[in-house]
Amino acid sequence: MTHLEFSWRAEVYGAEATADPRQPRVLEVAELAQYLDELVGGDGLLQDVWLRGEVSNLFRSAAGHYYFSLKDEVGQIKSILFRGSAQRSAVLPTAGTAVVAHGRMRFYPPQGACELVADMLFPEGMGLAQMQFEALYRRLQAEGLFDEGRKRLLPPFPRRIGVVASETGAVIHDLITVLERRYPVAEIVFAPSSVQGAGAAEQIVEALGLLNLWRAEDGDGVDLVVVARGGGSADDLATFNDEAVVRAIFGSRAPVVSAVGHEVDVTLADLVADLRAPTPSAAAELIAPDLRVLLQDVAALRGQARRLAHEQLAWKRAEVGTLSTTLARDVSHRLAVAREQVAGWTLQLAALSPAATLKRGYAVAEVGGRVLRDAADVRPGDTLRVRLDRGAVDSVVAAVTLPEEDWAF
Amino acid sequence: MGAPGPDPEPTTFEEAYRALQAVVDQLQSGGLGLEASVELYERGMALARRCEEIVEQAELRVTRLAPDDAPRPLDPSL
């Protein structure tokens, strides 16, 4: 039931009305305009129109919108190409040229007319399939699905490799063979799907979904997904230009590698994928390193480790040699220093010895075996022993002379 | 030198391979004690052996999803 039908019933008959809703009644312009709008808007054909015609009455507004008519010998259809659509349109309208427009019809109340809101214009003469492809491509591109910036890097050592391919084709067989040879440490998680014809797009979308949900015992999912198909005609590859397939690849949690057809066939699936392999066998080589080559690296690393360790040992040995030389030099130096010191001390000691002083003519006076230093310690008549360099003289004190300052006390 | 016990045995080729590269890098940077060098060298040898073992023992696993087991005609072009 359309909105208008409902409002008729509600207004004329009340909510519980059961009588014929098509009973005539006087309408407001707004009501009819709304009815027409809903009628046009609800029509599948009118919402997905491909229209051929010659551009006339062209006018470009200051805002950048294009207003024109598409006409043939019978009539004309008012058309608009808004600025945003104009930016990604294959061609822009020029007066007098034949174009094919894609868009939707709407009823526009202020003009009281139906018009085509075009989202893209193509030059006359293009095939419909080509135009459809082009329109989808431009729409998805405008949405950012093919942006280089969103492409994800593939893990260098994938552990689980998801594959969407035909159950019966050579593709899965080739992938398994190549990976067995190059990279047998992986697990292939294969989600079979038909890859052409009716229902193939849905199956590919489902397979991608299954692979993204799949979890290994350790809870990890697939590290990447390969979507692959062997070569075929353009019709055969159409599945990989299907919007649902393109969006499923875009939405995949795991990075996607596309490998569809031969190198010359580029599908939208290839454009949206994180990496495009030119062929399915090339995909097997792009997604994983060749372990046989890496084992050569391992051998090289082993040799390098051995050489470095030996070098270190040699260094240590050389260091020990240097150390012992240094040590020996150090010890003999210290000995020489000590020897010099001892000699110095010996000289000093010799200088301090009383014998040397006596040799120079000095004498030492002793009283009762003690060295006499103060005249006050003896009295006249005391016996002194005066030691000379050679021998001693025992003498008697005749008089005592104290130093002058002592007289002051 | 503070970590007690040896590093855990790598279970994947990637781990063993990267660990081996790290060992060589460490040896290359030098400035190691004698004992540390010898230890690193031995670990490097063990890791290289591990890499080779992992590849020797590897067998590609294939898991098939999807419930549909109906056989389809073989078409080698697909």
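These exercises explore how chain A and chain B meet in a predicted model.

Residues count from 1 along each chain as written, chains are lettered from A in written order, and side-chain values use heavy atoms, without hydrogens or water. In this predicted model, local features need pLDDT of at least 70, side-chain atom pairs count only at pLDDT 80 or more, and totals for chains, interfaces and linings use all residues.

**Exercise 1. The interface**

Task: Find how many residues of each chain are in contact, and what area is buried between chain A and chain B.

Solution:
- Start with contact, meaning heavy atoms within 4.5 Å. On chain A, 47 residues touch 41 residues of chain B.
- Next take buried area: the accessible area (1.4 Å probe) that two parts lose on being put together, summed over both. Here about 3900 Å² is buried, and carbon and sulfur atoms give 67% of that.
- Then look at chain A alone. Phe157(A), Thr168(A) and Arg302(A) lose the most area to chain B, together 16% of what that side buries.

**Exercise 2. Charged and polar links**

Task: State how many salt bridges cross the interface of chain A and chain B, and which element gives the largest share of chain A's side.

Solution:
- Apply the salt bridge rule: a side-chain nitrogen of Lys or Arg within 4 Å of a carboxyl oxygen of Asp or Glu. Three are found across the interface.
- In one salt bridge, Arg302(A) meets Glu52(B) at 2.8 Å, N to O.
- Now turn to the elements, where helices (H or I, at least four residues) and strands (E, at least two) are DSSP runs numbered from the N terminus. Chain A gives two or more residues from each of α6 (170-182), β7 (187-192), α7 (200-213) and α11 (291-352).
- The largest share, 15 residues, comes from α11(A).

**Exercise 3. A sheet across two chains**

Task: Work out the order of the strands in the open sheet, and which strands stand at the edges.

Solution:
- Two strands pair if DSSP finds at least two bridges between them. β7(A) pairs with β1 (residues 61-64) of chain B in the parallel sense, over four bridges.
- Within this pairing, Ile188(A) has Val62(B) as its bridge partner.
- At the other end of the order, β9 (residues 256-260) and β10 of chain A also pair in the parallel sense, over two bridges. Leu275(A) in β10(A) is the bridge partner of Val257(A).
- Assemble the six strands: β10(A)-β9(A)-β8(A)-β6(A)-β7(A)-β1(B), with parallel pairing.
- β10(A) and β1(B) each have a single partner strand, so one side of each lacks a neighbour in the sheet.
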